Number of protein chains: 2
Amino acid sequence: MSDDALPASDEVAYRPAVLDLLGVLAYGELMAFTHLAADAEMAPTLPQKAGVARLAVAEFQHYEAIIARLAEIGVDPHTAVEPFVASFDAFHERTKPSTFLEGLVKAYVGDGIAQDFYREISVYVDDRTRRLVDRTMSDVGSADFVVTQVRAAIKTDPRVAGRLALWGRRLVGEALTQAQRVAVERDALASILVGAPGRPGADLAELGRMLVRLTDEHTHRMQRLGLSA
Amino acid sequence: MSDDALPASDEVAYRPAVLDLLGVLAYGELMAFTHLAADAEMAPTLPQKAGVARLAVAEFQHYEAIIARLAEIGVDPHTAVEPFVASFDAFHERTKPSTFLEGLVKAYVGDGIAQDFYREISVYVDDRTRRLVDRTMSDVGSADFVVTQVRAAIKTDPRVAGRLALWGRRLVGEALTQAQRVAVERDALASILVGAPGRPGADLAELGRMLVRLTDEHTHRMQRLGLSA
């Protein structure tokens, strides 16, 4: 087996599962790029414009890393991302930020949940895929940048906090809706979490604990922004 | 003199001239980034989306290189780009692409003219600034990508060629209008071209030849796309 290949597995569903994982990651990163780039357009000052553009560029570089891995294992990127286009497009369609701050909070909340979720999932995949997921999901410094911007805005106008807290809840709601749709439609991807014959996964209790961890992390992020979750 | 500083010059106007040059370059690259990223959104397929995003990212990396140089010589980026914001914004406002192909042609034509122009100008600046300008203006592979896309589109539907040729002429017209505005408003920048007491520049005949070269190059680019200039 070449070093580039996926590890041999007794289990025939492992390859589609990893392809789904890379596909959903790739399209998520590409969409994060386009939407952050659009947010840069709304930024009121040059440093803010450049700051958001920098985040967008980091997301695109993650996309390139995933696409390179897909190429190594002989998969056409389009095939890998196609199953997830509708969900991401629906999510972004329903969560169009109408201000620069909403765009920032969206990037922060979305990135945060995605990072937590992919890290949870990556426990169940092979080493090489895990390293790629970890690298792709490394914080690109967006957290500090966003926290500084949002806290400053709230300090200037405290009414901002209430509106952004509502916005944060809406983002999570829409993200959950789309995640559920993906889980239902993509058995292979879901099987990474819950396992498959011959491959261990999380049991129900562990899934419950995972959901608690994800929710807790989200609450902490909102608090860091100075917002109630 | 530290290696980071601009070369000493007898001529008091040299520093403002270089700051203008770096400022106009920086803002042009940042705007190229945001507009290309927006075009990625219009791309009909994933490879096209990623292709345009890749161009956008390259432009942003150029922006970062220029900003780094400005920081070295102790200049706030905002101060340097501010004089050129209105012109670029007006140009982009008046040349909003309404299709993916128009976006590609705009990137190609705009980048091409900018590259030629900055290379002409860089003959008259110090070595370090010239190297930065050359690197910033290196073709990031956009030409090949755009040429392939536009030629394929014309092959599929030849009527596209007429509309895109018109679009190309409009782009050049708007670019000239804004360039003229900048030349009138920014004496320092203009002085790079025409020289100043104690510093050589182009004479009228050379300026005329330069304009011919720029026009010729533009015509060649349009021909490469399969369009009449």
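**Two chains and the surface they share**

Modeller: Across the interface of chain A and chain B, two residue pairs are in polar contact, both at pLDDT 80 or more. Keep in mind as we talk that this is a predicted model.

Biologist: Happy to. Which helices of chain A supply the side that touches chain B?

Modeller: Helix H1 (14-42), helix H2 (46-72) and helix H3 (77-94) of chain A each give at least two residues to that side. H2(A) provides the largest share, with 11 residues. By kind, the residues on this side of chain A are 15 nonpolar, four polar and four charged.

Biologist: How many residues are in contact, and how much area is buried between chain A and chain B?

Modeller: On chain A, 23 residues are in contact with 23 residues of chain B. The area buried between the two chains is about 1,800 Å², and carbon and sulfur atoms give 74% of that.

Biologist: Why is the pair B:Arg54 and A:Glu64 called a salt bridge?

Modeller: The rule asks for a side-chain nitrogen of Lys or Arg within 4 Å of a carboxyl oxygen of Asp or Glu. For B:Arg54 and A:Glu64, the N to O distance is 2.7 Å, so the pair meets the 4 Å cut-off and earns the name. The count between chain A and chain B is two salt bridges.

Biologist: And how many does the rule find over all chains?

Modeller: Over all chains, the count comes to 28 salt bridges. One of them joins A:Arg128 and A:Glu72, whose closest N and O atoms are 2.7 Å apart. A:Arg128 lies in helix H5 (residues 127-136) of chain A and A:Glu72 in helix H2 of chain A, so this pair ties together parts that are 56 residues apart in sequence.

Biologist: What makes the relation between chain A and chain B that of a two-fold axis?

Modeller: Chain A can be laid on chain B by a turn of 180° and a shift of 0.0 Å along the axis, with an RMSD of 0.0 Å. That is the relation of a two-fold axis.

Biologist: How do you know that the copies meet through the same surface?

Modeller: Of the interface residues of chain A, 100% are also interface residues in chain B, so the copies do meet through the same surface.

Biologist: What confidence does the predictor give?

Modeller: Chain A has a mean pLDDT of 87, and 95% of its residues reach 70 or more. Among the elements of chain A, H3(A) has the highest mean pLDDT (93) and helix H8 (residues 187-194) the lowest (82). For the complex, the predictor gives an ipTM of 0.73 and a pTM of 0.81.

Technical notes
Residues are numbered from 1 along each chain as its sequence is written. Chains are lettered from A and ligands numbered from 1 in the order in which they are written. Side-chain values use heavy atoms; hydrogens and water are left out. Contact means heavy atoms within 4.5 Å. Buried area is the accessible area (1.4 Å probe) that two parts lose on being put together, summed over both. A polar contact is a pair of N or O atoms within 3.5 Å; within protein, one must be able to donate a hydrogen and the other to accept it, and residues adjacent in sequence count only if both atoms are side-chain atoms. Helices (H or I, at least four residues) and strands (E, at least two) are DSSP runs, numbered from the N terminus. Ala, Val, Leu, Ile, Met, Phe, Trp, Tyr, Cys and Pro count as nonpolar, Asp, Glu, Lys and Arg as charged, and the others, Gly among them, as polar. Copies are superposed by least squares on the C-alpha atoms of residues with pLDDT of at least 70 in both. pLDDT is the predictor's confidence in each residue, from 0 to 100.
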